[in-house]
Structure formats: C-alpha cells, structure tokens
Amino acid sequence: MSRLHSQTILLFIAVIFMASCAVVPVKRITKVPVAKGSVPANPLQKAGWQLTFHDEFNNSILDRNKWNTRFYWSDGTEHHGRYMPENPKEYYRDDFFEFTDSTIKLKSDTLKMKVHAREIKYSCSMIDCSKSFEQQYGYFEIRSRNPTSPGFWPAFWLVSTYSWPPEIDMYEFYTSRPRQWTNTVHYLNNSKHEMEGRIYRMPDASAGFHIYAVEWNEKEVKFFLDNQLVRTTSTGINTFTFPMHIIINIAMENPHSKKTKMKKATFPNYLEVDYVRTYRKLLP
C-alpha cells in the first residue's frame, strides 16, 4: 500500500470518528459529587505505579521533543493536520499557546484567512505526543480548567496510530453546557465501529482545576474525576490491542447544533492544563 493511499485511509477514518464524537448515545445523565473550586494537584509519584511520561508545563515553552501541534494522521495531506474536513472553519495553529509559571493555556480565537479556498473563522490549539510516547495499559491523568464561555469543545483522549478504533475519550466538554462532561470508549464489534459513552453533571468546570484520569488494563477501563471512580466498563476491551498516545485539544462546538451558543462565545479563550502524567502498574 502506498504511503499516500494509507494516509488517505487514515484521514477518512479520522473524519468518521471525529464526527461521531460530537454525539454520544446515552440513556441518562449521572450527577457526581465534586468540589466547586479547584482541586489540589496530586503528587507526581503514585504508589504502586511507575511514572512513564509527564509534562508539568513549568518552563514557559512547549517541549517539542514531546509534543506535536497537528493531528498525526494528516501528514502529507493538503492541510497537514491543521484542520478537519468536517469542521473546516477552524484551523489548528502552531505556537498558539500562552504560559503561566506552571500551566500551558491552549488558545482559541477568531481568525479570518483562506486555506486552500476554505474560509477559516476560528483558530484552535492542540498537543499530540504520537511521535514521542505511546503505551498499552496504564493510568493517564490530567489536571485542567475549561474555557469560560459557551462555544468550545475541549478534549483529553487516547488514540492509536496503528488502527482506529481503539479510542478512549477521557473527557469531552461542550461548553454551551458547562456543567456536563462526557467520557467514551470506541471499539470494534464484528468489524463495525461502536461506542459507549456516559454524560455526567458537575459544577462548572471553568471555575477551577479538576483532575481527570483513566485506568486502562486488559480487562476494563476505569474513569476518575478528582480521584473518585465514576465509571467502570469492559465494553469492547478485547479490541484494545494497540498502544495509544495522548491528544489534548480545544476545538469549536458544532455550529449547527441547537444547543450550541456560539453568539455568546468570548474570545480569546483557553483550555488551561497544569500537568499531564502517565503511569505503568508495578508488578507485585
């Protein structure tokens, strides 16, 4: 298979799964007890686990040895991973970050430009560690704070460069509904893509930092919010046979959804990340 043909297939797959993430089939919304303010950071070392990858974002510069700023599956295409065909109004820019002394702020803003005859309206930001780190099984953790207005789609997720699915969405927020968050697993069932998601109600996630994590092993996936277990699933876990890497991004909500409140969006806005950490379970 030629390189260009394989890239085209990957891009087509990516289009399907990114579009599918926008609507998660759920039967209920679960309320979880969470503090309204910021939750303190966890210690770097985690008992029973070996630290395998992390970034504390303390250096006021993006570590390019760890992170890319474009979608990994689109190298060699006309847009080089800077925008998605199903959402061509947004463009992922390089160096589109701001830093504090201990956090990175992934930025989104308005933008007027043309790329390959496409009218771009929004600039977005992402970091992807596909060229530096991947792992099968482990504990994956982030401490972050959401954008402060409607209209944004921040996400923290795991995906494989070898095949899709598998995918684990540790969180997705649609900030027009600031007190709801979603986690989802994508898997194959008889060669067909399926997904299982849950929606949770919590205090406004832009009001402070919260800790989101996933523990993934050969039997199940566990989701945690502020160190509390909120969900365990084994659905499709037998198809999670590839290592995965981390993507963190801020995108725009679907402008065609009736629940999106784009007219109330304020710019610039940010997904602020204190740290991201990955661990491997120590053998007894």
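Phe53 is buried in this predicted model, with a relative accessible area of 7%. Its ring is stacked with that of Phe133, at 4.7 Å centre to centre and 20° between the planes. Phe53 belongs to strand S2 (residues 49-55), whereas Phe133 sits in the loop between strand S6 (118-128) and strand S7 (138-145), so the pair ties together parts that are 80 residues apart in sequence. Phe133 is buried as well, at a relative accessible area of 10%. Because buried means under 20% relative accessible area, Phe53 with its 7% falls into that class, and so does Phe133 with its 10%.

This stacked pair is one of 20 aromatic pairs found in a search of the whole structure. Elsewhere, Phe156, Tyr171, Phe173, Trp181, Tyr200 and Tyr212 come together as one aromatic cluster. Aromatic rings also meet charged side chains. The charged end of Lys105 is placed over the ring of Tyr270, 4.5 Å from the ring's centre. Arg277, in turn, lies over the face of Tyr275, with 3.5 Å to the ring centre.

Stepping back to the chain as a whole, the secondary structure consists of one helix and 16 strands. Of the 284 residues, 54% are buried. Among contacts with a separation of 6 or more, 71% are between residues 24 or more positions apart. The accessible surface of the chain is about 13100 Å², and carbon and sulfur atoms account for 52% of this area.

In soluble globular proteins, nonpolar side chains tend to be buried together. Here, the largest nonpolar core holds 60 residues, and the members that touch the most others are Trp67, Ile168 and Ile248. Strand S8 (residues 152-159) makes the biggest contribution to this core, giving seven residues. Trp67 offers a handy view of the surroundings: beyond its neighbours within four places in sequence, its contacts are Phe53, Asp55, Phe57, Leu62, Ile127, Asp128, Cys129, Ile246, Ile248 and Val276. Phe53, from the stacked pair, is thus one of the residues that Trp67 contacts. Another core, of five residues, lies apart from the largest one and includes Trp49, Tyr139, Phe224 and Tyr279.

Two residues with polar side chains are worth a look too. His210, in strand S12 (residues 210-216), counts as buried, with 0% relative accessibility. The His210 side chain makes a polar contact of 2.8 Å with the side chain of Asp226. Residues up to four places away in sequence aside, His210 touches Val34, Ala35, Gly37, Val39, Ile142, Arg143, Ser144, Met202, Ala205, Leu225 and Asp226. His210 and Ser38 are 172 residues apart in sequence, yet their C-alpha atoms are 6.1 Å apart in space.

Arg231, found in strand S14 (residues 228-233), is likewise buried, at 7% relative accessible area. Its side chain is joined to that of Asn183 by a polar contact of 2.5 Å. With residues up to four places away in sequence left out, Arg231 touches Asn183, Thr184, Val185, Glu196, Gly197, Arg198, Tyr200, Val221, Lys222 and Phe223. Tyr200, one of these residues, is also part of the aromatic cluster described above.

How values were computed
Residues numbered from 1 in each chain as written. Predicted model: local features only at pLDDT ≥ 70, side-chain atom pairs only at ≥ 80, totals over all residues. Heavy atoms only, no water. Helix = DSSP H or I, 4+ residues; strand = E, 2+ residues; numbered from the N terminus. Buried < 20%, exposed > 50% of the residue type's maximum accessible area, 1.4 Å probe, protein only. Contact = heavy atoms within 4.5 Å. Areas by Shrake-Rupley, 256 points an atom, 1.4 Å probe, with all protein chains shown as cover. Core = buried A, V, L, I, M, F, W, Y, C linked by side-chain atoms within 4.5 Å. Polar contact = N/O pair within 3.5 Å; in protein donor to acceptor, adjacent residues only side chain to side chain. Phe/Tyr/Trp six-rings, centres within 6.5 Å; stacked < 30°, edge-to-face > 60°. Lys NZ or Arg CZ within 6 Å of the ring centre and 35° of its normal.
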